[in-house]
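Got the viewer open? Let's take a short walk through this one, stop by stop.

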Amino acid sequence: MPDLALSSTNAPLINLALALRQATAAAHANIERLPMMSRLTSLSVTREDYRDYLQMLASLYVPLETALYAGLNESLRETLGIRPKLSALRHDLEEQGGIWPNIMANLSPECLDLSGLEGASLAVGGLYVLEGATLGGRTIARHLRQVLGDALGSATFLDFHGTQTSDVWKQFAAALNQLAAQGTLQPDVVIAGALKVFEQVHQCFGQAVPASLRHT
């Protein structure tokens with residue numbers, strides 16, 4: 001149940017960042033248990049596994065990130081402190097010898113259904129998933145650097161914010177609460193958007209078989 005507090009005016013306020021974390025905890029854990037993610041965080045991960053991961057992300061991010069950012073105006077983007085990550089993802093994928101997907105922004109892979117993500121609250125819910133992945137990306141990048149060494153390359157996508165990762169996430173979480181308190185965001189709709197995107201990510205990643213496992 002969402003965490004509620006009372007303001008000085010006795011109006012109920014929601015800690016939206018906490019409510020999102022609680023509502024999506026199970027969905028997040030389910031994605032981490034998928035073969036693709038388990039392989040990526042294993043001690044036997046290979047460069048080919050990493051390239052497959054980036055390739056899958058690219059097919060997902062091209063339509064998804066584009067659609068989600070289209071639902072926000074410039075003011076909301078600035079308040080949330082977010083920036084598109086497609087250029088960083090493309091750089092890393094091509095650095096690893098992958099191929100940038102030749103699909104238009106209004107198309108999506110078979111596993112992705114972008115219907116019902118219109119509007120700022122739904123879009124912010126979806127971006128909560130992408131920003132959360134960026135938060136965890138730095139930990140994954142550190143692990144891959146230890147296992148793959150220089151073969152990992154730049155990892156500009158996984159380590160998108162570098163040493164500022166924690167600060168950027170705190171700004172994002174604080175902005176969620178601020179925008180909910182102002183009535184700019186509808187908490188229930190934001191949570192619904194996050195759950196929908198988690199479901200879509202799980203479906204896409206669930207279809208992926210890591211390179212190392214295909215060879216066994």
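Before the first stop, one bit of vocabulary: helices here are DSSP runs of H or I with at least four residues, numbered from the N terminus. Keep in mind, too, that you're looking at a predicted model.

**Stop one: E131.** Select residues 120-148 and you have helix α6, the home of E131. Is E131 buried or exposed? Its relative accessible area is 4%, and buried means under 20%, so E131 counts as buried. Now show the side chains of E131 and K85: they make a polar contact at 2.5 Å. Want to see what else is around? Leaving out residues up to four places away in sequence, E131 touches Y69, I82, K85, H161, W169 and F172.

**Stop two: E32.** Next, pick residues 16-32, which form helix α1, and find E32 there. With a relative accessible area of 46%, E32 is partly exposed. Setting aside residues up to four places away in sequence, E32 touches M37 and S38. Then add H202 to your selection: 170 residues separate E32 and H202 along the chain, yet their C-alpha atoms are 9.3 Å apart.

**Stop three: S42.** Move on to the loop between α2 (35-40) and α3 (47-70), where S42 sits. S42 has a relative accessible area of 19%, and the cut-off for buried is under 20%, so S42 is buried. Zoom in on its side chain, which reaches the backbone nitrogen of V45 at 3.3 Å. Finally, select H143 and V147: S42 is in contact with both, not counting its neighbours within four places in sequence.

Definitions and conventions: Residues are numbered from 1 along each chain as its sequence is written. This is a predicted model: local features need pLDDT of at least 70, side-chain atom pairs count only at pLDDT 80 or more; totals for chains, interfaces and linings use all residues. Side-chain values use heavy atoms; hydrogens and water are left out. Helices (H or I, at least four residues) and strands (E, at least two) are DSSP runs, numbered from the N terminus. Buried means under 20% relative accessible area, exposed over 50%, partly exposed in between (1.4 Å probe, protein chains only). A polar contact is a pair of N or O atoms within 3.5 Å; within protein, one must be able to donate a hydrogen and the other to accept it, and residues adjacent in sequence count only if both atoms are side-chain atoms. Contact means heavy atoms within 4.5 Å.
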